[in-house]
Amino acid sequence: MPLDFDALSNWDFEEIEQTLTERDTILYALGLGFGEYPTDRKELAFVYEDGLRAVPSMAVTMGYPGFWLRNPKTGVNWQKVLHGEQWLDIYKPLPVKGNIIGRSRIDFISDKGEGKGAVIYQSRDIIDADTGDKLARVAMSAFCRGDGGFGGENRPGPAPAALPDRAPDHVCDIETLPRQALVYRLSGDMNPLHADPDVARSVGFDRPILHGLATYGLAARAILKSLLDYDAARLVGLDVRFSAPVYPGETVRFEIWEEGGEARFRASIPARDVVVLNNGAARFA
């Protein structure tokens with residue numbers, strides 16, 4: 001069954017209602033390794049209820065509609081879907097608890113051609129259900145490797161952020177734990193690829209990989225630590241392009257460039273000499 005362009009373009013997402021608790025906020029931060037140094041007051045603020053603050057990247061877990069592309073009505077070969085890019089705009093500091101609404105939509109679908117795949121661009125608004133305020137906009141691209149050539153338009157997506165041709169201004173190494181994915185998955189993404197060794201091997205990995213959005217969250221942690229002195233309210237945008245997976249237990253190195261009130265960055269695994277996040281951009285209030 002080929003990709004169903006009409007069905008996808010008009011996909012009717014259910015509005016997601018979520019009750020966010022302080023426990024959810026703390027658990028998300030723990031899944032990114034916050035609290036690695038429990039006596040560090042600046043990191044403790046994200047994992048301790050006294051004066052608790054939300055990590056800005058937590059918006060990507062809020063109002064999440066689930067892996068809806070697995071629905072056979074989409075016609076998508078879901079086993080060949082890769083997370084391509086992630087964008088985030090934050091309009092108000094995220095609450096640490098409250099009632100949240102997620103409203104998702106398909107923005108457009110690009111047909112790269114027969115044998116070249118298709119890209120689905122989707123976004124969702126994160127809304128405070130109690131006030132009606134829009135807190136954030138979360139957007140992503142899904143690269144459907146097995147679904148090109150359905151006769152659609154080959155539309156370009158947003159241009160990736162360019163990285164400066166000079167040495168980085170900051171380098172931040174973050175060590176992940178072997179159990180990192182087992183903690184992060186408790187924030188909502190229960191894909192067995194990140195927990196079950198047999199499932200990981202069945203799709204070509206020798207062991208479970210870390211969630212792409214966990215690596216994305218590590219980028220937020222690196223930016224907060226390196227540039228913002230952990231002031232979460234100042235991080236108002238975070239965009240990345242995914243290029244390779246991280247294995248739990250690896251050290252992720254972030255190279256960061258300051259660019260006039262913003263930042264550019266990429267992330268790599270020095271032990272394997274591979275880039276895992278590229279064309280990163282962070283925007284500040």
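**Notebook: the whole fold, then Phe108**

I began with the contacts (heavy atoms within 4.5 Å): of those in the protein with a separation of 6 or more, 72% are between residues 24 or more positions apart. I am working from a predicted model, where local features need pLDDT of at least 70, side-chain atom pairs count only at pLDDT 80 or more, and totals for chains, interfaces and linings use all residues. Residues are numbered from 1 along each chain as its sequence is written, and side-chain values use heavy atoms, with hydrogens and water left out.

Next I looked up the secondary structure, and the protein has 6 helices and 10 strands (DSSP runs numbered from the N terminus: helices are H or I with at least four residues, strands are E with at least two). The radius of gyration, taken over C-alpha atoms, is 19 Å, close to the 19 Å from the globule rule (2.2 Å times the number of residues to the power 0.38) for 285 residues, so the protein is as compact as a globular protein of that length. I also noted that the C-alpha trace spans about 55 × 45 × 40 Å along its principal axes.

Then I checked burial: 48% of the 285 residues are buried (under 20% relative accessible area, 1.4 Å probe, protein chains only).

Now to Phe108, which I found in strand β3, residues 98–113. Phe108 counts as buried because its relative accessibility is 15%. Beyond its neighbours within four places in sequence, Phe108 is in contact with Val119, Ile120, Tyr121, Arg155, Pro156 and Gly157. I also looked at Ser9: it is 99 residues from Phe108 in sequence, yet 6.9 Å away in space, C-alpha to C-alpha.

Technical notes. Buried < 20%, exposed > 50% of the residue type's maximum accessible area, 1.4 Å probe, protein only.
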